[in-house]
Amino acid sequence: MTLDRRFTVLGWLAAGLFFVLLGRVWFLQVISSPQLTEVAAGNRTREIVSESARGQIFDVNGYVVAGRRESLVVTLDWSGLRHLEAEERSDLLAEVAHEMNSAGVKIKANRLEAEYERAKTRSLQPVIVADDVSVELWVTLQERVFPGIVAERRSLRTYPYREVAAHLIGYIGRVQDQDEADELNDVDDAKPYQPGDEIGRSGLEAEFDRVLRGTPERRLVEINAKNEVVRTIEVLQPGEPGSDLHLTIDIHLQAEAERTLEYHLLLAQRRPPCEDCPDHVANAGSIVITDVSDGSLIAAASYPAFAPGDFLYGMTQAQADYLFQSPNQPFVNRAVSGLYSPGSTFKPFSAYGAITTGVRAPDDVWNDEGKYKLVSCEEDPGGGRCVFQNAKAQILGEVQLVDAISRSSDTYFYSLGEELWLDIERFGATPMQDAAEMFGFGSKSGLSLSVERSGRVPTPERRRADHERNPDAFPNEQWFVGDNVNLAIGQGDLLVTPIQLANAYAMIASQGVRYETRLVRSITNGVSGRVVQKFEPIVSNTVAFDQDTMEPIKVGLEGATVTGTAKGAFAGFPQNVGVAGKTGTAQVAGKADFALFAGYGPVEAPRYSMSVILEQAGFGGDAAAPAARKLFDYLLAGEPVPQRQPFSEPDPIVLPPELDDDGNLINEFGQRVDALGNVLTPEQIAALEKAAAQTSTAASVVEDSAEQPPTSP
Amino acid sequence: MKQPNVHTPQSGFVKFVRTLDPMLIGSSLALCAVGLGAIASTTNATAGETGYLFRQIAFLAVGVALFALAARVDYRTIRPLVPIGFVITMIVLVAVLGPLGSTVNGTRGWIRFGGFSVQPAEFTKLAVISSLSVLLSRPEGRRFARMHDAATDPRRIMSALAVLGAVMLLVLAEGETGSVLVYCMVAMAIFFIAGSPPRLLGLLMVSGVCAFVLAFSGGLLGDHVADRFTSFLDAGADPRGAGYNQIQSVTAIGSGGLLGQGIFEGPQTQFGFLPEKQTDFIFAAVGEETGFVGIVIVLGLYGLLLRRILQTARSTTDRFGQLLTVGVFAMILVQVVQNVGMTIRVLPITGIPLPLVSYGGSSLLTTLLGLGIVQSVARHRIAPARAVIQPRVILDQVSMSEEVVRSGELAAPVPLGIDV
């Protein structure tokens, strides 16, 4: 090849290379330009979804029970850190941790690393790694500009009354990851969840999450390669705070109900159990107060409780273990999902069911001999026992329906149970169960909490069905006379919730009108305060009572607090208002008795209905009735309800008086006192001792059921 | 070309300027201007961050001075100095591997002094070009019959290969894979024009490819090079990792469209999505902001420049000057093709700057110095060292080089500045 040829070759080679380059550039800039322009646009724009403030929850008087506050938080943004080499990132996070620690925020670098790894699987939204940080730290982070680490203002949940009403209000958590968010979101959701968003996990926070949740703000922003926002291009959807909930709960009464519950549980723990009886563990219970006139829930205490705020700001391992692993199940809202044998508190309903069949007239006299031997025992030995006794084997003598209720005669009801069963042709197979269902047992109260349970009203038919469905769990197929006898006194397979019990008594009080339980009065717009939705009282059942039967029952209930089983607890209660109620002592195998009280007041024009259940606390008259009395003092006797200051520590519960060697309550000065700490007069002491003497002589064989003896005549 | 009147009072400077090639200088300076504009845009100079821009202007001033110096000096006078220069270069390259060097972007090819970092590998390119040119040509005044022998003389070829191999090994050791590629191509161009046997070119080609594959397979040079290559083969495999740069660069160019997003207005460039935007990927910034039209202009300027250099080489009758010029031609061509190629994703990423346009003193000074040599060749190629023998030299060369006569170049010489 000549030199000239070689130059020509070199020249054409260069030209060829340039044509290749130009061709490719032509392809990119002219043919692929639209697609690549779009890629570039997606590159530098990002949709930022920021949560709007969550709606607040107010009590009936307008006190904030779940509020919000502004807080300075530190967030970690995965997309701001992803470009860094692993080593660089570790160094950076270590430095951030150092800065945070020197500003008083306890955080370890590997916690930040873990958050980074977690955030990777979430989405592009920043995650909060610390809240309530100081302004100084905020300034430091602003100045030092760590990529992906930002201090910013966020609206956070607060619970001003801490653990008060925790089970009703519930708690919030954060959406775990994209998978959970996808599951939650509908196709065109106005309030789509993002990983890391607040979400109600229990109680009203969960039930009304869509209402409380704010409409997130969606902004299209321009970002640079460091992921810093350069400018907002467009607000795609303006943010809006969530709606507010207005409850029927009176938060101060709720607080007192909870304190009263705890106080009386502590008291019950001190009370010595009967001989050979299990200890009074008394570690759980529930109190429900409803408005008779419209079914509003005024207070619903469940013990033990938890503090919803613990879920927001992290908890210690000990706290977590207690909350999640304690056999006492602090999470369970016993008021609506605790299932209990109602014991004698069920008697008004079994009485109504039985007496209205005509098996026995209300004023028929029954001779209570302290024990009842089944008539049918020879023919039907299947039920096992033949003899059923009164509690402490007390002998009440001749009783009518009124006394049978007020003084709680078990034998009166045993005999009713048997007589009904012996002639089912005439009385029907399930008169007591039908009455129970009429009063709302076995069905939900309509309360807007999905954890509510419906309990169980046992019938021969259901028992058979249960057995056929699962023979192992329900070995009994047949219904025995003993079942009817037990049902008459509220024992056996019957299970009720505290709220059902309160509602059933409210139905007695309201002359046969039963309301759905109302917990939320209204939903209002979070900004304007305009009412979005109003929840009017709903009547779920109206019954015209057979007054010939209902009247004596009511008289019996009224008598119980005056001359009957709750007389001691209600001693000194204003006569002009009066409370109608019934004590109950439910037996549970291997445990101390469950103490119950249910009632309503004032007698003349009932306004409040209440149920009290103290688990493993002894006799209803001893343990539960005083708790009810305390709350009726607030509700009816004009005692001012203590006002808890928001965000304040509750006053410590002053431990009840000590028990002396004889089992009497004494205060710190050695004076005899009642359960509420009031010093007893010499006359009262004499009366109590006389009653105690009577009881001890009467108690011969105690192996079964029911009630506290009446105190002095 | 108007003959300068010796009686006209003219300063030496004006006389010198009048001998310069306007096409060569015009296209070069135009490209430098494009570079300054692109640097201003990519480094946010409008927002007051003028550091890069001013440094580049300073480099440019030094570069222009170097160009003028090189153009002024007769390139033939440096011929005896080439061996010394080569030895010094080798010493510096070895020194860079020692404690003197520092590492930037995975390569250990930098020397820092004062506020500047110098890449000896850039200047080494000129050392290689001049060394090969010396070895493959003979000084003037020797017998013409032996002029071609230099390119086929086995001893000279072996020496040339030894020089090339030593430099390539050292530069490879520093991690400058890109530069190795340039050396290889430059050497091939010089051997080719010098008329070396095709076998030699084949050998060079094979060894170049081997070195390339070896380098990119990662065994020799560490992972960053291998990463770049794998990501080139499959950029989608790790769009946030090594492939990120090329994806962003292609996106930037593509979104430039026909007319571009406007200078200082390209979002890919301005918001930092484009990596290494004032150095290796400056071409993408130009593409985004000035579009296809801008790229055609820039590539057109390179075309003009390269065509001019090639014309100079072609019309140079002195073999040493011819090889020097071809070396500079290849140096610029390879760098432009490689840099643009990686930016538009037809070649893998190497850290090769775009000559005259990319920010960076070492590259700019090297290129301008090389162009200064080309200008010197253009000025002195026909004019002999001693004017007295000028006609004879021309005649000798013409008689020797029948191609020149046949192509008619003597009859219609390329209009270069000729200092007669």
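The following exchange considers the interface and salt bridges of a predicted model.

Trainee: About how much area is buried between chain B and chain A?

Mentor: The size of an interface is often given as the accessible area lost when the parts come together. The contact here draws 47 residues from chain B and 35 residues from chain A. Carbon and sulfur atoms give 73% of the area buried between the two chains, which is about 3600 Å².

Trainee: Which element gives the largest share of the side of chain B that touches chain A?

Mentor: Several helices of chain B give two or more residues to this side, among them H8 (177-194), H13 (282-315) and H14 (319-343). With 13 residues, the largest share comes from H13(B).

Trainee: Which side chain of chain B meets A:Asp4 in a salt bridge?

Mentor: The count between chain B and chain A is 1 salt bridge, and the pair crosses from helix H1 (residues 3-31) of chain A to helix H13 of chain B. A:Asp4 is partly exposed, at 24% relative accessible area. Its partner, at 3.0 Å from N to O, is B:Arg314.

Trainee: Is A:Arg463, which meets A:Asp493 in a salt bridge, buried or exposed?

Mentor: A:Asp493 lies in the loop between helix H20 (481-488) and helix H21 (498-509) of chain A, and A:Arg463 in helix H19 (residues 460-469), so the pair ties together parts that are 30 residues apart in sequence. A:Asp493, at 31% relative accessibility, counts as partly exposed. Because buried means under 20% relative accessible area, A:Arg463, at 9%, counts as buried.

Key: Residues numbered from 1 in each chain as written. Chains lettered and ligands numbered in written order. Predicted model: local features only at pLDDT ≥ 70, side-chain atom pairs only at ≥ 80, totals over all residues. Heavy atoms only, no water. Contact = heavy atoms within 4.5 Å. Buried area = accessible area lost by both parts, 1.4 Å probe. Salt bridge = Lys/Arg side-chain N within 4 Å of Asp/Glu carboxyl O. Helix = DSSP H or I, 4+ residues; strand = E, 2+ residues; numbered from the N terminus. Buried < 20%, exposed > 50% of the residue type's maximum accessible area, 1.4 Å probe, protein only.
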